[in-house]
Amino acid sequence: MEAQVSQDIVIVGAGISGLSTAVGLHRLGIRSMVLESSDMLRATGFAFTTWFNAWKAMEALGISEHIRSLHDRLQGWVVGSISAGIPSKEMLFPESEEYESRCVQRKLLLEALADELPQGTIRFSSKVVHIELSGHYKMVHLSDGTILKTKVLVGCDGVKSVVGKWLGFKNPAKTARLAIRGLTHFAAGHGFGKKFFQFYGNGVRSGFIPCDHNTVYWFLTHTSTELDENPENLREFVLNKVKDLPENIKSVVETTDLDSVVMSRLKYRPPWELLWANITKDNVCVAGDALHPMTPDIGQGGCSAMEDGVILARCLGEAIKAKNLKGETEDEEEIYRRIEKALKKYAGERKWRSIDLITTAYTVGFIQQSTGKWMNLFRDKFLSSFLSRLLLKKSHFDCGSLAP
């Protein structure tokens, strides 16, 4: 067994929320260690749509201009039925910052965040297997025998969070829906312009979103029994579901490399669980999917994870950088209480926002994928515009700067 290693702040998980928290702390002059169980950065899901709140978070973290340079700004939305014969509706986005939206490749975002951190901040191949108490510290046991002694433990380790389980969280609830995702590269350009295409009906919701001139991210969510996870079979399944769409739309799926096709079961945290759950306890907390896994129907999973990172870094920064006005040396008890208070402040800021996003996402997904003649008519005639405006409304959130 290796000797114990002391770290002021240990973050479990090098995903969006984990790296955002680490970068936020670094901007405030506070070092942390990020533990990643994989041997490299993992970019599952390929891409996600960023809205106003995500750009506010990226501006606070200092990476917004770099990410903007790699992705096209979407100019509007095309919403229609997945069935033949029903015309689509188009909505153009105003040019103001409140409507800025881009489809960001997850890999490029993670790399941008990781590049902002000092060398050695991310410790790869580091799987957490056990957490124990040691006075005002937490002892984090890794699978290789290493034990990390830390003043602050942050769980950003996804839907199967080890830290979340320590706090008492249950596993996320599974929905009846599956999501198939893909990323397609067109060497000569895709020709879709800069619009978000979304189609729904017959228990299906599908979207096609350009990331840049050459890359298109696509997804299809549906309610069905378990499918064969063979990528070729998944691609054929999607093509059958979108058979009535225009040929250029179907070509995105047809030309997707099989290595770029994945399927996953959609999960979410029941919002009522957050009413009494311990988002934080002592000097431990959770963020990102470890806190608020949600269905992708309002595009807020990755966006809200960056919100978490900025707000958590700010709260911890206030506690750790606070001055002792009397000039006296602080003991461990004082530092511990200040950190505990900071994490409670973070939890208070994120609790109702998380409940709101989870509930809205689940409700929107239920409406968009419901079947039946009258539901289809009501949705197609009256709800499509309302749901689009609702999505934009939920993105109008400013997490603020890193400074208090």
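**Close-up views of a predicted model**

Being three residues apart in helix H7 (residues 247–254), Glu247 and Lys250 sit about one helical turn from each other. Helices here are DSSP runs of H or I with at least four residues, strands are E runs of at least two, and both are numbered from the N terminus. This is a predicted model, so local features need pLDDT of at least 70 and side-chain atom pairs count only at pLDDT 80 or more, while totals for chains, interfaces and linings use all residues. Residues are numbered from 1 along each chain as its sequence is written, and side-chain values use heavy atoms, with hydrogens and water left out.

**View 1. Glu247 and Lys250 pair up in helix H7.** The two form a salt bridge, with their closest N and O atoms 2.9 Å apart. A salt bridge means a side-chain nitrogen of Lys or Arg within 4 Å of a carboxyl oxygen of Asp or Glu. What about cover: is each partner buried or exposed? Glu247 is exposed, at 53% relative accessible area, whereas Lys250 is buried, at 11%. Buried means under 20% relative accessible area, exposed means over 50%, and partly exposed is in between (1.4 Å probe, protein chains only).

**View 2. Glu111 meets Lys107 in helix H4.** Here's another salt bridge, at 2.6 Å from N to O. Both residues belong to helix H4 (residues 106–115), and they are four residues apart, about one turn of the helix. Glu111 counts as partly exposed at 30% relative accessibility, and Lys107 is partly exposed too, at 47%.

**View 3. Asp308 and Arg350 link two helices.** Their side chains meet in a salt bridge of 2.6 Å, N to O. Asp308 is in helix H9 (residues 301–320) and Arg350 is in helix H10 (residues 332–369), so this pair ties together parts that are 42 residues apart in sequence. Both Asp308 and Arg350 are buried. Elsewhere, salt bridges with shared partners join Lys56, Glu59, Glu65, Arg68, Glu97, Glu100 and Arg102 into one network. How many salt bridges are there by this rule? The count comes to 25.

**View 4. Cys103 and Cys211 stay unbonded.** A disulfide is a covalent bond between the sulfur atoms of two cysteines. For this model, the cut-off is a pair of cysteine sulfur atoms within 2.5 Å. The structure holds zero disulfides. Why is there no bond for Cys211? The closest cysteine sulfur, in Cys103, is 3.6 Å from the sulfur of Cys211, and that's too far. Cys103 is buried, with a relative accessible area of 0%, and Cys211 also counts as buried at 0%.

**View 5. Leu35 sits in the largest nonpolar core.** A nonpolar core is a set of buried Ala, Val, Leu, Ile, Met, Phe, Trp, Tyr and Cys residues joined through side-chain atoms within 4.5 Å. This one has 94 residues, of which Leu35, Leu109, Tyr217 and Tyr346 touch the most other members. Leaving out residues up to four places away in sequence, the contacts of Leu35 include Val10, Ile11, Val12, Ser126, Val128 and Leu142. Contact means heavy atoms within 4.5 Å. A second, separate core has 24 residues, among them Leu178, Val216, Val242 and Val252.

**View 6. Ser126 is tucked into a loop and buried.** The loop runs between strand E7 (122–123) and strand E8 (128–134). At 2% relative accessibility, Ser126 counts as buried. Not counting residues up to four places away in sequence, Ser126 touches Leu35, Glu36, Ser37 and Leu142.

**View 7. Tryptophans and a leucine make a nonpolar surface patch.** Trp272, Leu275, Trp276 and Trp352 together have about 550 Å² of accessible area. Patches are made of residues with over 30% relative accessible area and no salt bridge: nonpolar side chains (Val, Leu, Ile, Met, Phe, Trp, Tyr) are joined within 5 Å, and like charges within 9 Å. Accessible areas come from the Shrake-Rupley method with a 1.4 Å probe, and for residues only the protein chains shown count as cover. Trp276 lies in helix H8 (residues 273–276), and it is exposed at 62% relative accessible area.

**View 8. Helix H2 is mostly covered.** In H2 (residues 52–61), nine of the 10 residues are buried, including Phe52, Trp55, Met58 and Leu61. Next comes Gly62, with a positive phi near 85°.
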